[in-house]
Amino acid sequence: YKIISRYLGRRGKRAHDMMKRTTTDQVNLDYESEEDAIEKMCLALAVTPIAAALFANGSISNGKVNGLASERLRIWRYTDPERCGLILRLICAHCSFQDYLDYVLEVPMMFFVREGKWIVTRNLTFRKFIEKGSHGYHPTQSDFELHLSTIFTDVRFKQYLEIRGMDGQRSHLIPAVWAFWKGILYDAEARRSAIHLMKRFQEYDILKLHRDVERLGLKAKVRGERVLDLARELVRASEKGLKAQHLFNEHEQDETIYLAPLKEEVLRTGKTPAEKAAELWTGSMKRNPRALIDYLKI
């Protein structure tokens, strides 16, 4: 982390804030084939700005309401543009693992490990490491796996697909994050519905929306459409997808129960978790840090 701190500190003005002042709820998903993996990756990248709005929860910082829906999103935007955010080039109809690999190979390395020692690299992409080596060493598979862990995009591949674009939630909403993505990405019909919904938007629209969500949350618009309305459609698709998966608990309830708090607290009211927290902070909490900690604790 000392190496990462020094490296990212040179790359972005909010890098140290990212390391110390942000939190997220990540979702790890598997896939059946290269085609399945790429379809999930492309769709997750396209949907991420809407999911980020749905779960925006970063309205308070330094004891004040900061005027943002998600300060975490803004912090990440000023961390390292080469390895963070959305990989728009992968929102395409004919992408492959090779396209992702080409991206990863051109991202500068931070370090590699030999005999327990962390060796710092400078201006070295993994492709150059393969071609020329570094410090007298040549890459191994474990070097590549370590390099993959330093790719901080909102969706990334490791040995699985990792979705990283949502703010951390209060405990009762954390399962809703997982259920939202599982319902959409683990059911073919739900995926088709989400793809149909998102195909009207271009890469520029998605990138602009991602930035607008930082400040506006569910009040943001894309091509004149309210993000709140798009979020409601995606949650409906997710709900259908979860029902179709036929997984039940001991009370014979399917996994749509995990979406219930999201539907009631966010979609029904049209307010993000960030807005609710800001209202409580300036209202009944009377700006008491202990009250906020108790409210957010898991």
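The following questions and answers concern cysteines, burial and charged side chains in a predicted model.

Q: Why does the structure hold zero disulfides?
A: A disulfide requires two cysteine sulfur atoms within 2.5 Å. The cysteine sulfur closest to that of C42 belongs to C95 and lies 4.8 Å away, too far for a bond. For C84 the closest cysteine sulfur is in C42, at 20 Å, which is also too far for a bond.

Q: What makes C84 buried?
A: Its relative accessible area is 9%, and buried means under 20%; C84 is therefore buried.

Q: Why is the contact of E162 with R156 called a salt bridge?
A: The N to O separation of the two side chains is 2.6 Å, and the cut-off is 4 Å, so the pair qualifies as a salt bridge.

Q: Are E162 and R156 buried or exposed?
A: E162 has a relative accessible area of 3% and R156 one of 5%. Buried means under 20%, so E162 is buried and R156 is buried.

Q: How do you know that R200 and E225 are partly exposed?
A: Partly exposed covers values between 20% and 50%. R200 is at 35% and E225 at 25%, so each counts as partly exposed. Their side chains meet in a salt bridge of 2.9 Å, N to O. This pair links distant parts of the chain, 25 residues apart.

Q: Why does R122 count as exposed?
A: Exposed means over 50%, and R122 has 58% relative accessibility, so R122 counts as exposed. R122 lies in the loop between β6 and α6 and gathers with K2, R6 and R10 in a surface patch of positive charge.

Methods: Residues are numbered from 1 along each chain as its sequence is written. This is a predicted model: local features need pLDDT of at least 70, side-chain atom pairs count only at pLDDT 80 or more; totals for chains, interfaces and linings use all residues. Side-chain values use heavy atoms; hydrogens and water are left out. Buried means under 20% relative accessible area, exposed over 50%, partly exposed in between (1.4 Å probe, protein chains only). Patches are made of residues with over 30% relative accessible area and no salt bridge: like charges are joined within 9 Å, nonpolar side chains (Val, Leu, Ile, Met, Phe, Trp, Tyr) within 5 Å. Accessible areas come from the Shrake-Rupley method with a 1.4 Å probe; for residues, only the protein chains shown count as cover. Lys and Arg count as positive and Asp and Glu as negative; His and the chain ends are not counted. The place of a charge is taken as NZ of Lys, CZ of Arg, CG of Asp or CD of Glu. Helices (H or I, at least four residues) and strands (E, at least two) are DSSP runs, numbered from the N terminus.
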